[in-house]
Amino acid sequence: MRDSVIVPASLTGLRDHPCDPLILAVRADGRPLKGLTGQVDWRLSGAISEMVKAGKFEQDAPVLQPASPLLPCGRIVLWRVGTATPTEMARLIAGLNGSRPGLCPGDFEFSETEAIHAFGPEIIVYRTTT
């Protein structure tokens, strides 16, 4: 069993510690994406922003995207902020049988402790810096 890994919430952190799936926080309020989600969106040439504009996040259900050759991670799960607790997220993510999930708790307004408690030691925590 591995311990949780805590790394910077950046494309460099993602490259140094790839995950599967990568769980990203999305806000459907029309404001620019921020945090790790914003960096990933930039790397994907605004693909996530386009999904927000197209109304793909009007429902509470997460959106599963395939792996991208532009990112050093497996599948991407886009989840609207405020629609699930860390425990609910962990339960659904466990069903994907990924190698090691990763998320930035700060982007979801969760604490790192909440995320680690819900997902267990296999999680990669991408930490935002202030």
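## Exercises: finding your way around a predicted model

Leaving aside neighbours up to four places away in sequence, Leu 22 is in contact with Leu 14, Leu 36, Val 40, Cys 73, Arg 75, Ile 76, Val 77, Gly 102 and Tyr 126. Keep Leu 22 in view as you work; the model is a predicted one.

### Exercise 1: Place Leu 22 in a core

Task: Find which members of the largest nonpolar core touch the most other members.

Solution:
- Start with the core itself, which holds 24 residues.
- Its members with the most partners inside the core are Leu 22, Val 40, Leu 78 and Tyr 126.
- Now look at where the core comes from: helix 1 (11–16), strand 2 (22–26), helix 2 (35–43), helix 3 (47–53), strand 4 (76–80) and strand 6 (124–127) each give two or more residues.
- There is also a second, separate core of 16 residues, with Val 81, Met 89, Ala 90 and Phe 119 among them.
- As background, nonpolar side chains in soluble globular proteins tend to be buried together.

### Exercise 2: Look at the whole protein

Task: List the order of helices and strands, then decide how the radius of gyration compares with that of a compact globule.

Solution:
- Count the elements: the protein has six helices and six strands.
- Read along the sequence, they follow the pattern β-α-β-α-α-β-β-α-β-α-α-β.
- For 130 residues, a compact globule would have a radius of gyration near 14 Å, and the value here is 13 Å, so the two agree.
- The C-alpha trace spans about 40 × 30 × 30 Å along its principal axes.
- Buried residues make up 45% of the 130 residues.
- Among contacts with a separation of 6 or more, 62% join residues 24 or more positions apart.

### Exercise 3: Follow helix 2 and what comes after

Task: Name the buried residues of helix 2 and the elements they pack against.

Solution:
- The buried residues are Leu 36, Thr 37, Gly 38, Val 40 and Asp 41.
- They pack against helix 1, strand 2, helix 3, helix 5 (105–108) and strand 6.
- Step past the end of helix 2 and you meet Ser 45, whose phi is positive, near 60°.
- Ser 45 lies in the loop between helix 2 and helix 3.
- With a relative accessible area of 69%, above the 50% cut-off, Ser 45 is therefore exposed.

### Exercise 4: Compare two partly exposed residues

Task: Work out why Gln 65 and Leu 70 count as partly exposed, and list what each one touches.

Solution:
- Partly exposed covers the range between under 20% and over 50% relative accessible area.
- Gln 65 has 26%, so it is partly exposed.
- Leu 70 has 38%, so it is partly exposed as well.
- Gln 65 is found in strand 3 (residues 63–65), whereas Leu 70 sits in the loop between strand 3 and strand 4.
- Not counting residues up to four places away in sequence, Gln 65 touches Met 51, Arg 75, Ile 76 and Leu 78.
- By the same rule, Leu 70 touches Arg 43 and Leu 44.
- Gln 65 and Ile 76 are eleven residues apart in sequence, with 5.0 Å between their C-alpha atoms.

### Exercise 5: Spot the backbone details

Task: Find where the peptide bond is cis, and describe Glu 109.

Solution:
- The cis bond runs from Asp 20 to Pro 21, with omega near 0°.
- Pro 21 lies in the loop between helix 1 and strand 2.
- Glu 109 has a positive phi, near 65°, in a residue other than glycine.
- Glu 109 is in the loop between helix 5 and helix 6 (112–119), and is exposed at 58% relative accessible area.

Note on methods: Residues are numbered from 1 along each chain as its sequence is written. This is a predicted model: local features need pLDDT of at least 70, side-chain atom pairs count only at pLDDT 80 or more; totals for chains, interfaces and linings use all residues. Side-chain values use heavy atoms; hydrogens and water are left out. Helices (H or I, at least four residues) and strands (E, at least two) are DSSP runs, numbered from the N terminus. Buried means under 20% relative accessible area, exposed over 50%, partly exposed in between (1.4 Å probe, protein chains only). Contact means heavy atoms within 4.5 Å. The radius of gyration is taken over C-alpha atoms; the globule rule is 2.2 Å times the number of residues to the power 0.38. A nonpolar core is a set of buried Ala, Val, Leu, Ile, Met, Phe, Trp, Tyr and Cys residues joined through side-chain atoms within 4.5 Å.
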